[in-house]
Structure formats: C-alpha cells, structure tokens
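Let's take a walk through this one, starting with its aromatic rings and ending out on a helix. Keep the viewer open as you read.

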Amino acid sequence: MSVTFHDLSAADHLPTQLFKRTESDLSFFSERVTPIIAAVKAQGDAALIRFGREFDGVQPEHFSLRAEEREFDEAFARMDPEVIASIRFSVENVRAFHEAQKPEEMWLKEMQPGAFAGDRHVPIDAVACYVPRGKGSFPSVLIMTAVPAVVAGVPRAIVITPPGPDGKVDDATLVAARLVGITEIYKCGGAQGVAAVAYGTETVPKCLKIVGPGSPWVVAAKRQLTHLLDPGVPAGPSESLILADDSIDGALAALDLLIESEHGPDSSAYLVTSSRRVAEQAIAALPGYWAQQTAQRAGFSQQVLCGDHGGVVLTKDFATAVEFVNQYAPEHLEILTAEPMAVMTQIRNAGEILLGKYTPITLGNFVLGPNAVLPTNGAAKTAGPLSVFDYMKRISVGYVTAAGYQPLADKAKRFAEYEGFPGHALAVSGLRNTLLEGDKHG
C-alpha cells in the first residue's frame, strides 16, 4: 500500500475534502441506533444482555451486568505489577493536574458598594464515563474520564464499557478503576450503553451526563439522546496532525504518525509540512515501522495513512501549513519544529498542543497529566479538552445588603419600565421599601 501524498506545493488553496472526518456523516449509524435505543428503553437489562451476545460476542449464558468485587480482586492478581505501577503513575499525574485545575468552591466580588455577585461550583449528581473496548483495552480512557469526576466530587460516577466474550471487563480497566476510586462498572457499550445511562435500567443507573470517546455508533446515539443526556466533549474517532518544518528528520515525524493512525480505520492522521525532504523521508520510513507493529495495528495505520483521511500533506510554505492546522482544528497537534514555542502562538484551533521532539502524543495519551479526551471533527474550534469543569456546574450567586440596595433598585426600575415589565418595576419600587420597613418593625 502507498502512503497518500497530497502535494499542495503549487496550490493556491487548501482542498476542503482534506478536512472531512469519518464522523462527518453519521446517517448510516443514526438509522441503525434508533431501534437499539428503543429496545433498551422498553426492555432494560434484557436488551443489554441480548446486545452483549449479539454485538460483543458474549459467550456465557448468564453474565452479570455489573462488575462484581471479586472481579476487581482477580484483575489485580492477574496483572503484571509493572503495568499496575504504570497505571498508578498515570493516575497520580492526572489527579495532580485536575486538582490544580479545580476551581474554588465559591467566589464573590463586590460589584458596587454593598452589592456582591459571583459563582458557586457544585458537582453534577451522576455522570457516566464511557470506556471503549472494540479495538483494544483502554485503561487510559478510564483514568482520563474518571479521575476528574472523582476530583470534582461527583456523588455517583460510574463506568460503562463493553464486555469481552467471557462476559467480563478487561483486567486493566478494573485495576485503573480501583486505583481511581470508581466502584461501579457496568458491562454495556455502544449505542445500547449510551441508551442505558440515558433512561436507566433495572441495573444501570440513569445519569445526567456521559463523557468519553467512542465509535460513530456511540456518537450517533449521544446525538439522538441529547434531550435526556448531556453528551459532553464531542469525542469521536482519533485524529492527529504532525506539523513539521525543515529542521526535523522526516523519519521522526513518521514515527509519530503511527500513534493515532493505529487506533482504527476510522481515525485520521496527517503529517503537514512545507519541506519536501521531510515529506519524502516520512513516506520512506513508514513501511519499516509498520513491519514492527502487530498485523492488526499496522493494518489500521495503513488504512488511515493510505486512505482518504490521512497521509502526508506538502504545502507551498510553512504559513500555509499553519493555516491547514487552524482550519483542520485537530484533536491532537504535535509541533516538530526548531522553535515549537514560537509556532504555538500561531495556533488557534487544537484540542491539545504537544511541543517538540521529546513530547510525542503517546506521553499525552497516557502519563503527562492533561486530559487526553479531546474534541474531534473540528470541534476544537469552539471546545476544549475534558476537564474537571465538565463534571461541575456553575450557580450564579448574588447578595445585596440594605446599604447597597437602593442605587441598584433605581437603575433596575428604569430598565423594567423601559422593557414593559410593570411587575419587575413594582418589585423594586417604593412599595418594597414600605414592606421592608414594616418587616423591620414587626
């Protein structure tokens, strides 16, 4: 297979088709998730168990929808201690980052003498963290979604994830959950899992919000259920841009192209450069790297980098390469340049920016600390990474003293009269002063 090479070195404009992702058109999935959602709404647990067999290949005749305590214990016993240590290291860094990010519980500012206004931050009552499994095991996703929930103080934070053929949750996800402090894991994924937390079933609790990345099936179900469930950061299939200048070894840029392209055939990944040398070196290096991957992951990467949603983009100059990044608004952006800090100031749209040769996307995905659940499909133009704020809501707070009341009341009364609201005006008229005076004496 040949790497897709987009030679735009003589082009005056950037082709719009390069900015399309696999999740841009969800019509195929939207039609098919509708009956799945309806079945879960009507049949609850029975539908989840049936779909577990049908979609996830669950073999046991009976399996528990909730992971039992012994399953956590057994996972710890089976896991490699070094993997457990790596998971613990990640949890500690991600927790430290989100604790630093957490806002103060309440702030008030004196807007005028005797008149105070501010915000109070409170956690959302119930949030579901979605951990995919179709193309592998992803304890990192559990860490990224569940740690900020725990830091925010969500009273009921749960995890939903597809079961394996044995009817169980994978060991690493169970280990990560216990280290994070999550005790509720439910074995349901895909559109049916989203529906389960939107409606609630006999076993799975109804939640107010769902967070985490997922397949187009998950994205389509979230969109259909937004009237019941806050879908959170729009996190679909993985995508990345590697932005490189002529100072970089193209083989290094190619190495980092593997990272997101191996997630699955629905991913998107491009190397964007104005250096023909870098582009040619990257294309030449990729086959050797694929030979060092497993057949499955190499196949995924080849489908992406040799297909319509990936490859190498050669622009006429570096300014155009930067323009490509800002138009694309990638989930992950890695800047491989001589002065990455200076280039970063030119970037307006990206879910995350990783700077320099020693900060590959791999570090951000697993252990660096910032959240790796990021906006996809161009949503980085208006949205940011998953954060502790996504598990909290702001409540505005106002407090006016007796001494501060009258100047505000006079101005508010003028507003009310101008906009034609006599009840508003009456509430801050002299009548209120009379009633307050009577209350004070009584």
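Start with Phe28, which is partly exposed, with a relative accessible area of 43%. Bear in mind that this is a predicted model. A search of the whole structure turns up 10 aromatic pairs, and Phe28 belongs to one of them: with Trp217 it forms an edge-to-face pair, 6.3 Å from centre to centre and with 70° between the planes. That angle is over the 60 degrees needed for edge-to-face. Phe28 sits in helix α1 and Trp217 in helix α8 (residues 216–224), so the pair ties together parts that are 189 residues apart in sequence. Trp217 counts as partly exposed too, because its relative accessibility is 32%, and partly exposed covers what falls between 20% and 50%.

Now look at another of the ring pairs, Phe19 with Phe324. Their ring centres are 5.0 Å apart and their planes meet at 35°, so this pair is tilted. It also links distant parts of the chain, 305 residues apart: Phe19 is in the loop between β1 (5–8) and α1 (27–43), while Phe324 is in helix α12 (residues 318–328). Both Phe19 and Phe324 are buried.

Which residues do ring pairs link into a cluster? They are Phe19, Tyr270, Phe324 and Tyr328. Tyr328 has a charged visitor as well: Arg21 lies over its face, at 3.5 Å from the ring centre. Elsewhere, Arg50 lies over the face of Phe51, with 5.0 Å to the ring centre.

Tyr270 from that cluster takes us into the strands, as it is one of the residues of β9 that point one way, along with Ser268 and Val272. Ala269, Leu271 and Thr273 point the other way. In a regular strand, side chains alternate between the two faces of the sheet. Is β9 (residues 268–273) mostly covered or open? Mostly covered: 6 of its 6 residues are buried.

As for its neighbours, β9 pairs in the parallel sense with strand β8 (residues 239–244) over 6 bridges, and with strand β10 (residues 310–315), again parallel, over 5 bridges. Ala269 is a handy marker here: it stands opposite Ser240, and its bridge partner in β10 is Gly310. Add helix α9 (residues 250–261) and you have a right-handed β-α-β unit made of β8, α9 and β9.

Last stop: Lys411, in helix α15 (residues 402–419). Lys411 counts as exposed because its relative accessibility is 59%. Its C-alpha atom is 9.6 Å from that of Val428, 17 residues away along the chain.

Key. Residues numbered from 1 in each chain as written. Predicted model: local features only at pLDDT ≥ 70, side-chain atom pairs only at ≥ 80, totals over all residues. Heavy atoms only, no water. Helix = DSSP H or I, 4+ residues; strand = E, 2+ residues; numbered from the N terminus. Buried < 20%, exposed > 50% of the residue type's maximum accessible area, 1.4 Å probe, protein only. Pairing = 2+ DSSP bridges. Right-handed = clockwise from strand over helix to strand, strands pointing away. Phe/Tyr/Trp six-rings, centres within 6.5 Å; stacked < 30°, edge-to-face > 60°. Lys NZ or Arg CZ within 6 Å of the ring centre and 35° of its normal.
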